[in-house]
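Reader: Could you take me through this model and show how each label is earned? I'd like the cut-offs spelled out.

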Amino acid sequence: MLRNQLSVLVGPSGVGKSSLLNKLDANLQLKVGTLSDVERGRHTTTTAALVKWAFGGHIVDTPGMRQFDIAEMESDELEAYFKEFRDRVRGCRFPDCTHIHEVGCAIRAAVEADEIFVERYESYVKIFEECKEKERTRYS
Ligand SMILES: Nc1nc2c(ncn2[C@@H]2O[C@H](COP(=O)(O)OP(=O)(O)OP(=O)(O)O)[C@@H](O)[C@H]2O)c(=O)[nH]1
Ligand SMILES: [Mg+2]
Ligand SMILES: [Zn+2]
């Protein structure tokens, strides 16, 4: 599948992207991290590099992602990015419901009723809190 194609390998830092590519083509000799690098959260691959396969085609080895930056998003915009929330938010008692603590929240009711995956709701809460934290430091 990789032959004569241009592919990009992405994933969290330290999962073994560069190691895997080295196994597929021993000529590459990409730098591979040590486990202590992984534990310290250090990237081994520091920039995305386009490399040529001996068997034809190219691959881009990328530095792993450690976290997403949500700098450009406000906490009240977040619900719009959860597509299963979209049609339900109108059911909340308060139009500015944050879906965190309010009574009459249709989102939390849907989580309780197993209509929204609890993992998705937990992601929402986590990202919401990150947004709030940024807003606090930005506006204080
Ligand atoms: N046990 C085990 N260790 C692995 C495996 N794949 C990679 N490793 C080890 O994990 C560490 C990190 O591997 P890398 O290939 O540098 O990881 P990476 O995804 O390229 O990391 P970044 O370049 O930081 O994004 C090295 O010590 C590898 O030897 C695997 O399948 N099993
Ligand atoms: Mg790497
Ligand atoms: Zn709500």
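Author: Here is a short round of questions and answers on the labels used for this structure. This is a predicted model, where local features need pLDDT of at least 70, side-chain atom pairs count only at pLDDT 80 or more, and totals for chains, interfaces and linings use all residues. Residues are numbered from 1 along each chain as its sequence is written, while chains are lettered from A and ligands numbered from 1 in the order in which they are written.

Reader: What makes Pro12 exposed?

Author: Pro12 has 11 C-beta neighbours inside 10 Å. A residue is exposed at 12 or fewer other C-beta atoms within 10 Å of its own, buried at 20 or more, and partly exposed in between, with C-beta atoms placed from the backbone. So Pro12 counts as exposed.

Reader: And where does Pro12 sit?

Author: Pro12 is in the loop between strand E1 (6–9) and H1; helices (H or I, at least four residues) and strands (E, at least two) are DSSP runs, numbered from the N terminus. Leaving aside neighbours within four places in sequence, Pro12 is in contact (C-beta atoms within 7 Å) with Gly64 and Met65.

Reader: How do you know that Met1 is exposed?

Author: Same test: Met1 has 6 C-beta neighbours inside 10 Å, so Met1 counts as exposed. Met1 lies in the segment before E1.

Reader: Which residues make up the largest nonpolar core, and why is it called that?

Author: The five are Phe85, Cys92, Cys105, Ile107 and Ile116. The name fits because a nonpolar core is a set of buried Ala, Val, Leu, Ile, Met, Phe, Trp, Tyr and Cys residues joined through C-beta atoms within 7 Å. Beyond four places in sequence, Cys105 is in contact with Cys92, Cys97 and His99.

Reader: What makes H5 lie largely in the open?

Author: Of the 22 residues of H5, one is buried, so H5 lies largely in the open. Helix H5 (residues 118–139) reaches 31 Å from its first C-alpha to its last, close to the expected 32 Å (1.5 Å times one less than its number of residues).

Reader: Which residues are closest to ligand 1?

Author: Gly16, Ser18, Ser19, Thr45 and Gly64 are the closest of the 17 residues around ligand 1; a residue is near if its C-beta atom, placed from the backbone, lies within 6 Å. Helix H1 (17–24) and helix H2 (35–39) are the elements that give two or more residues to that shell, and H1 has the largest share, three residues.

How values were computed: Two residues are in contact if their C-beta atoms, placed from the backbone, lie within 7 Å.
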